[in-house]
Amino acid sequence: MSGEPGSRRPAPRSLSCVWDLDAGAAAEPPRACGLSPRPIIQRRARSLPSSPERRQKAAGGAGAPCRPGCRRQLRVRFADALGLELAQVKVFHAGDDPSVPLHVLSRLAVRAELCCGGGPGPEFTLRCLVPDFPPPVEAADFGERLRRQRVCLERVACSDLGVRGTVRVRNVAFEKQVSVRYTLSGWRSAHEAAARWRGPAGEDDVFAFAFPVPPFLLELGARVHFALRYRVAGAEYWDNNDRRDYSLTCRHHPLHMPRGECEESWIHFI
C-alpha cells in the first residue's frame, strides 16, 4: 500500500460504490459499477403506507375515499336485525294503577284524588324489621353497662338495605376490633361483619356496623338476632343484651301517606 501513514480517510457512508482512497482527494470515484451515488435511507414506497395511514384508511377516516375496486364495504344494521323492536309503544289507562315498589310508597300518592280532597292521607302497612328493644343509649344505666362490659350497643336502624347501628367501646388500647355476629336462622348458621371506626366520644370510641338482610326473608314473624364482640389487648368482650341477644322482628309497620303528591310522579316507577 502507498501513501503516508495516517493519510487514509474513511469512505463516505452515503455512497453505494467504493473507490480507491489512495488516489487522492481530487480523484473522482469510478463509475464502473454503473450506479450514481445515492443516499442509503430512502423514503417508504407509496405501496407501503405507514401504520397511522393504514389505521386511518381502515377506520374510514377523512381523506381516504373509497375508490373504484375498493374492497371496503359499508354496512348498516337495524335494530330488528338484532332481534330488537324498532319502536316501543306503551298505552296507559287512567284507571290502571302502576306496579310500584313498596319502599317508595312513602313518597308517592296512590290515586289522583290524593292531590285534591281533604282529610288525612291514607294509611298503608309495610313489612319491615322492628327492634324488640328500646335504644340502649337512652337507658339510664347505659354508662354503667359500658364500664362493666367495655362494649355496648348505642342504637340500631332498619331499612331496605339491611340493618345498621352504632357501638360504643371503652378506649382500652389503640388497636381494637369490633364486629357484629348475626343470624337469620335462629343460630343454625351465623355470619360476622366487621365494624368501622367512626370517631371518638369523650374517653370512648364509636364504631358503626351494617349487614344486609335479603328481602325474601322478610316474612311476618321472621326474626334476626345479633350480638357485638370487642377484641382489645388480648381480651374479648361481648354485648349480647344480657345473654338474651338483640333481636329484630318482621312486622307490619303503619305508614301514613302525605297529601300533595301528584299523579305525574308515578311515571318514574312504571
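How much accessible surface does the protein chain have, and what share of that surface belongs to carbon and sulfur atoms? The total comes to about 19900 Å², and 53% of it belongs to carbon and sulfur atoms.

Keep in mind that this is a predicted model. The mean pLDDT of the protein chain is 74, with 57% of its residues at 70 or more. Two stretches call for some care. Over residues 109-114 pLDDT stays under 50, and the model has 13 contacts beyond four places in sequence for them. Residues 261-270 also stay under 50, and here the model has 21 contacts of that kind.

## The overall layout

The protein chain has two helices and 10 strands. Going along the sequence, you read the pattern α-β-α-β-β-β-β-β-β-β-β-β. Of its 270 residues, 25% are buried. If you take the contacts between residues at least 6 apart in sequence, 61% of them join residues at least 24 apart.

For one example of distant parts of the chain meeting, look at R127 in strand β1, which spans residues 123-131. R127 and L218 are 91 residues apart along the chain, yet their C-alpha atoms are separated by 7.0 Å. Beyond four places in sequence, R127 touches L218, E219 and L220, and also C250, R251 and H252. R127 is partly exposed, with a relative accessible area of 46%.

## The core and its rings

In soluble globular proteins, nonpolar side chains tend to be buried together. Here, the largest nonpolar core has 25 residues, and the members that touch the most others are F209, F211, F226 and L248. Six strands each supply at least two residues of this core: β2 (151-159), β3 (162-170), β4 (176-183), β7 (204-211), β8 (223-232) and β10 (246-256). The biggest giver is β8, with five residues.

F226 is a good place to zoom in. This residue counts as buried, at 0% relative accessibility. Setting aside residues up to four places away in sequence, F226 touches F133, L153, V156, V180, R181, Y182, W187, F209, D245, Y246 and L248.

There are seven aromatic pairs in the structure. What is the geometry of the F211 and F226 pair? The ring centres are 6.2 Å apart and the planes sit at 55°, so the pair is tilted. F211 belongs to strand β7 and F226 to strand β8, so the pair ties together parts that are 15 residues apart in sequence. F211 is buried, with a relative accessible area of 2%. Both rings are also part of one aromatic cluster, made up of F133, Y182, F209, F211, F226 and Y246.

## Helix α2 and its buried side

Which residues of helix α2 are buried? In this helix, residues 142-149, they are F142, R145, L146 and Q149. The four cover an arc of only 100° around the axis, which puts them on the same side of α2.

R145 is an arginine on that list, so its numbers are worth a look: with a relative accessible area of 8%, R145 falls under the 20% cut-off and is buried. Leaving aside neighbours within four places in sequence, R145 is in contact with P136, R150, C152, D239, N241 and Y246. One of these partners, R150, follows α2 and has a positive phi, near 70°.

## The loop between β9 and β10

Two more positive phi values turn up in the loop between β9 (235-239) and β10, where R243 is placed. D245 has its place in the loop between β9 and β10 as well. Neither R243 nor D245 is a glycine. How do they come out on exposure? R243 counts as exposed, at 77% relative accessibility, while D245 counts as partly exposed, at 21%. D245 is also among the residues that F226 touches.

Here are the relative accessible areas of the residues discussed above, side by side.

| Residue | Relative accessible area | Class |
|---|---|---|
| F226 | 0% | buried |
| F211 | 2% | buried |
| R145 | 8% | buried |
| D245 | 21% | partly exposed |
| R127 | 46% | partly exposed |
| R243 | 77% | exposed |

Definitions and conventions: Residues are numbered from 1 along each chain as its sequence is written. This is a predicted model: local features need pLDDT of at least 70, side-chain atom pairs count only at pLDDT 80 or more; totals for chains, interfaces and linings use all residues. Side-chain values use heavy atoms; hydrogens and water are left out. A nonpolar core is a set of buried Ala, Val, Leu, Ile, Met, Phe, Trp, Tyr and Cys residues joined through side-chain atoms within 4.5 Å. Buried means under 20% relative accessible area, exposed over 50%, partly exposed in between (1.4 Å probe, protein chains only). Contact means heavy atoms within 4.5 Å. Rings of Phe, Tyr and Trp (its six-membered ring) pair if their centres lie within 6.5 Å; planes under 30 degrees apart count as stacked, over 60 as edge-to-face and the rest as tilted. The arc is that of the directions from the helix axis to the C-beta atoms. Accessible areas come from the Shrake-Rupley method with a 1.4 Å probe; for residues, only the protein chains shown count as cover. pLDDT is the predictor's confidence in each residue, from 0 to 100.
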